[in-house]
Amino acid sequence: MCLLIATKENSRISNKSIKNAWSRNDDGAGYAFLDEQRKIQIRKFLDLKSFKKGYTEDFKKYGSTSKFLIHFRYATHGSNDENNVHPFRVSDDLVFGHNGVINAVRVDDKLSDTRVFNVDILRKLDENFLSNEGTRSLIGNYIGHSKLVFLDTKNEINIINEHLGHWNDKNTIWYSNDGYSTCKVQFKSTTGYG
């Protein structure tokens, strides 16, 4: 399953977390942030080396003034290309990433379920839909156990189904799941055949 991350200012995800996230979700990675003109910039990558280089440079330049929305993709629907790498623009002032599968959308051979959800649902909502608690609740119910992170030009992060993920100990980085941590698999020793 994909990994979706929201970071507050001055909160960089570690190289170890990046490596672990990519090892489980290697179908592309992307992030969004606000530049010096307070415009949302989106970067998308299909290889780990380019992602790490871009993220390091952009965080160094913008990490003290901007929150970051980060996504590592595990492809489930649509073609496996940069067009389906998150985040996606809802408008000039709003972008989002998604973790999970949205089954209630139409199936498209090229578009991921997230892109279909954006085109068919999010882009058709009122521009202030995130400030409406009823709309947020409806979206949360519609996407089920999925999670959405939005970043806007006011440098605000909004998380739908936030309770299904978790914050780090310092409450500065939110993760949709534990896909950034080291995989700890334990094997039991058995004797005999079978």
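The following exercises, each with a worked solution, concern a predicted model.

**Exercise 1. Helix 1 and its surroundings**

Task: Determine which residues of helix 1 are buried, and identify what covers them.

Solution.
Step 1. Locate the element: helix 1 spans residues 15-24.
Step 2. Apply the cut-off, by which a residue is buried when its relative accessible area is under 20%. Ser17, Ile18, Asn20, Ala21 and Trp22 are buried in this helix.
Step 3. Look for the covering elements. They include strand 1 (3-7) and strand 2 (29-34), together with helix 2 (48-62) and strand 4 (68-72).

**Exercise 2. The packing of two helices**

Task: Describe how helix 1 and helix 2 pack, and state which residues meet.

Solution.
Step 1. Recall the two quantities required: packed helices are described by the angle between their axes and the distance between the axes.
Step 2. Give both values. For helix 1 and helix 2 the angle is about 150°, and the axes are 11 Å apart. The crossing of helix 1 and helix 2 is right-handed.
Step 3. List the residues on each side. Helix 1 contributes Asn15, Ile18 and Trp22, which meet Leu48, Phe51, Lys52 and Tyr55 of helix 2.
Step 4. Classify the residues of this contact: five are nonpolar, one is polar and one is charged.

**Exercise 3. An open sheet**

Task: State the order of the strands in the four-stranded sheet, and explain why one side of strand 5 and of strand 8 is left without a neighbour.

Solution.
Step 1. Recall that strands of a sheet pair through backbone hydrogen bonds, either parallel or antiparallel.
Step 2. Read the order, which is 5-6-7-8; the sheet is open and its pairing is antiparallel.
Step 3. Examine the edges. Strand 5 (88-91) and strand 8 (157-160) each have a single partner strand, so one side of each lacks a neighbour in the sheet. From one strand to the next, the twist averages 25°.
Step 4. Inspect the pairs. Strand 5 and strand 6 are joined by three bridges and by a hairpin of two residues; here Phe88 has Phe96 as its bridge partner. Strand 7 (residues 147-152) and strand 8 are joined by four bridges, and Val149 is partnered with Ile159.
Step 5. Add the helices. Helix 3 (residues 113-120) lies across strand 5, strand 6 (94-99) and strand 7, at about 10° to strand 5. Helix 4 (residues 133-143) lies across strand 7 and strand 8, at about 50° to strand 8.

**Exercise 4. Salt bridges**

Task: State how many salt bridges are counted, and analyse those of Asp58, Lys53 and Arg106.

Solution.
Step 1. Recall the principle that side chains of opposite charge can pair when their charged atoms come close. The cut-off is a side-chain nitrogen of Lys or Arg within 4 Å of a carboxyl oxygen of Asp or Glu. The count is five salt bridges.
Step 2. Consider Asp58 and Arg43, whose closest N and O atoms are 3.0 Å apart. Asp58 belongs to helix 2 and Arg43 to strand 3 (residues 40-45), so the pair ties together parts that are 15 residues apart in sequence. Asp58 is buried, at 10% relative accessible area, whereas Arg43 is partly exposed, at 28%.
Step 3. Consider Lys53 and Glu57, with an N to O distance of 2.9 Å. These residues are four apart in helix 2, and are therefore separated by about one helical turn. Lys53 is exposed, at 53% relative accessibility, and Glu57 is partly exposed, at 45%.
Step 4. Consider Arg106 and Asp108, with an N to O distance of 3.3 Å. Salt bridges with shared partners join Arg106, Asp108 and Asp120 into one network.

Technical notes. Residues numbered from 1 in each chain as written. Predicted model: local features only at pLDDT ≥ 70, side-chain atom pairs only at ≥ 80, totals over all residues. Heavy atoms only, no water. Buried < 20%, exposed > 50% of the residue type's maximum accessible area, 1.4 Å probe, protein only. Contact = heavy atoms within 4.5 Å. Axes fitted to C-alpha atoms, helices over the stretch in contact; angles between N-to-C directions. Left-handed = near helix turned anticlockwise from the far one by under 90°. Nonpolar A, V, L, I, M, F, W, Y, C, P; charged D, E, K, R; others polar. Pairing = 2+ DSSP bridges.
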